[in-house]
Amino acid sequence: MLACAQENAKKCRAEIVEADLAETLPLATAMAEAVTAVMTFHELMYPPQLLKEARRLLKPGGKLFLYDWVKRPLEHYLQDTDRVLSPHTLQHFREHCLFSAGDLNFLVQQTGFEICEVVSRRSGNFVLVVAQASESRAV
């Protein structure tokens, strides 16, 4: 997957940086106008670190685009994803449906962002949070 991403990045003059999201990323402070986090938040041991790093990387007024699974009742998860109850499905549910949309909004705001937009996707199984870095650098 990384090789494919690197090949695609060359086509649009982008750079892929491989790094541990639990640590400070090897990128300059206030260097980006936008940061995206797609389907990564739920995988991290301490997800607020990702938000703090996004905040550090963004220029004042820069935007964060966070797209991830959100917590829903198991019954809705099964119906909306066309899954049947099985050990694998239940494990996936436990691993991926950790935070509600409200939880994500709260964490984003706590790390120096102002919420611009929240969009529910795929019958509420996912959410897109668009947030803007506040003018203050403090987090």
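**Strand β4 and residue His 42**

Strand β2 (residues 58–69) and β4 run antiparallel and are joined by seven bridges. The structure discussed here is a predicted model. Two topics follow: the pairing and burial of β4, and the surroundings of His 42.

**Strand β4 and its partners**

- Strand β4 spans residues 126–133, and because six of its eight residues are buried, it is largely enclosed by the rest of the structure.
- On the β2 strand, Tyr 67 has Leu 128 of β4 as its bridge partner.
- Strand β3 (residues 113–121) is also antiparallel to β4, with eight bridges joining the two.
- Leu 128 in β4 is likewise the bridge partner of Val 119.
- Four residues lie between the strands in the hairpin of β3 and β4, where Arg 122 adopts a positive phi near 50°.

**His 42 and its surroundings**

- The loop between β1 (32–38) and α2 (48–57) contains His 42.
- His 42 has a relative accessibility of 7%; since buried means under 20%, this residue counts as buried.
- The side chain of His 42 forms a polar contact of 2.4 Å with the side chain of Asp 68.
- A polar contact of 3.0 Å also links the side chains of His 42 and Glu 43.
- When neighbours within four places in sequence are set aside, the residues in contact with His 42 are Asp 68, Trp 69, Glu 95, His 96 and Leu 98.
- Asp 68 thus appears both among these contacts and as a side-chain polar partner of His 42.

Conventions
Residues numbered from 1 in each chain as written. Predicted model: local features only at pLDDT ≥ 70, side-chain atom pairs only at ≥ 80, totals over all residues. Heavy atoms only, no water. Buried < 20%, exposed > 50% of the residue type's maximum accessible area, 1.4 Å probe, protein only. Pairing = 2+ DSSP bridges. Polar contact = N/O pair within 3.5 Å; in protein donor to acceptor, adjacent residues only side chain to side chain. Contact = heavy atoms within 4.5 Å.
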